[in-house]
Amino acid sequence: MEKHIKEILQIIGEDPRRDGLLDTPKRVIKSWNELYSGYNQNPEEVLKTFEYDRYKGMVLLKNIELYSMCEHHMLPFVGKCHIAYIPDKKIVGISKLARVMEIFARRLQIQERLTDEIADCLIKILEPKGAAVQIEAEHFCMRMRGVNKQNSTMVTTTLRGSFIKDPSTRNEFLNAIRS
Ligand SMILES: [Zn+2]
C-alpha cells in the first residue's frame, strides 16, 4: 500500500523522497483506516434493542455531524443527519442511531444510498412503525472543482412506513428538524 501511495505522489508530480513527504504514505494509510473503518463493522449489531411498548411518539436524533467520502471522486461530503423512528415494540439507546450513521458514512458513499441504508437498517432491526432520515451535505467534489458551486447543499430524505402513510407524522418530522 505504501508503495502505491508513493507511485500516486509521483504521478501527481511530486517527489516522494523529499523530507515533507517521507512519512506521508504511512499517514495516508492511517487516516484511510479511520475514514473507511465502516467496512469492518456491522451496523445491525450496533442496534441493541430493548422491549418497550408504551411510548407511541416520534424518537428523533437531529443535527448529527456527518463526514463521508463520495465514491465518485473520493472527496469528502460533510453536513448534518437527522434520524427518526416511531417505535412499535422495540426502542434503542439514542447514541446507537449516530453509531449506525457513522458506520455507513465510513465507507465510500453516495448521499442517496447513505440515507436509504440508515433507514433500512432501522426498519430491519427495530421493526418500527416508521423511520425517516434526512441528510444535508456539502460535497467537496463540487465546492473545490467542477462547477465550483461553493454554497450549495444537497438534501436527501428517506421515509418509510408511517412517515409515508401519515402526512401529520411526516410534517412533525420535517418541522422538528427545521428548527
Ligand atoms: Zn463526488
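**Figure 1. Tyr 36 counts as buried because its relative accessibility is 12%.** Buried means under 20% relative accessible area, exposed over 50% and partly exposed in between (1.4 Å probe, protein chains only). This close-up, like the others, comes from a predicted model, in which local features need pLDDT of at least 70 and side-chain atom pairs pLDDT 80 or more, while totals for chains, interfaces and linings use all residues. Residues are numbered from 1 along each chain as its sequence is written, and side-chain values use heavy atoms, without hydrogens or water. Searching the whole structure for aromatic pairs turns up two (Phe, Tyr or Trp rings, the last by its six-membered ring, with centres within 6.5 Å; planes under 30 degrees apart are stacked, over 60 edge-to-face, the rest tilted). In this view, the rings of Trp 32 and Tyr 36 have centres 5.6 Å apart and planes at 85°, so they make an edge-to-face pair. Trp 32 has 33% relative accessibility and therefore counts as partly exposed.

**Figure 2. Phe 163 and Phe 173 form an edge-to-face aromatic pair.** Here the distance is 5.8 Å from centre to centre, with 75° between the planes. Phe 163 belongs to helix α7 (residues 162-165) and Phe 173 to helix α8 (residues 167-178), so the pair ties together parts ten residues apart in sequence. Helices (H or I, at least four residues) and strands (E, at least two) are DSSP runs, numbered from the N terminus. How buried are these two rings, in relative accessibility? Phe 163 is at 0% and so counts as buried; Phe 173, also at 0%, counts as buried too.

**Figure 3. A zinc ion is held by Cys 70, His 73 and Cys 141.** The donor atoms are SG of Cys 70, ND1 of His 73 and SG of Cys 141, at 2.1 to 2.3 Å. Donors are N, O and S atoms within 2.8 Å of the metal (3.2 Å for Na, K and Ca); water is not among the atoms, so a site may look incomplete. Along the sequence, the donor residues follow the spacing C-x2-H-x67-C. Cys 70 sits in strand β2 (residues 59-70) and Cys 141 in helix α6 (residues 140-143), and this pair links distant parts of the chain, 71 residues apart. Both Cys 70 and Cys 141 are buried.

**Figure 4. Five strands line up in an open sheet.** Their order is β5-β2-β3-β6-β7, and the pairing is mixed. The edges are β5 and β7 (154-161), each of which pairs on one side only. Strands pair if DSSP finds at least two bridges between them. β2 and β3 run antiparallel and are joined by nine bridges; among them, Leu 66 has Gly 79 of β3 as its bridge partner. These two strands form a hairpin with five residues between them, and in the turn Met 74 has a positive phi of about 50°. β2 also runs parallel to strand β5 (residues 108-109), with two bridges between them. Take a look at Met 69: its bridge partner in β3 is Pro 76, and in β5 it is Leu 108.

**Figure 5. Ile 83 and Ile 118 have the most contacts inside the largest nonpolar core.** This core has 30 residues (buried Ala, Val, Leu, Ile, Met, Phe, Trp, Tyr and Cys joined through side-chain atoms within 4.5 Å). The elements giving two or more residues to the core are β2, β3 (76-86), β4 (90-92), α4 (94-105), α5 (111-126) and β6 (130-139). Which element gives the most? It is α5, with seven residues. Leaving out residues up to four places away in sequence, Ile 118 touches Cys 81, Ile 83, Val 100, Met 101, Phe 104, Val 133 and Ile 135 (contact means heavy atoms within 4.5 Å). A second, separate core has eight residues, including Met 58, Ile 86, Phe 163 and Phe 173.

**Figure 6. Lys 129 lies in the loop between α5 and β6.** Its relative accessible area is 39%, so Lys 129 is partly exposed. Not counting neighbours within four places in sequence, Lys 129 is in contact with Lys 56, Ile 86, Pro 87, Asp 88, Gly 161 and Ser 162. Glu 34 is 95 residues from Lys 129 in sequence and 34 Å from it in space, C-alpha to C-alpha.
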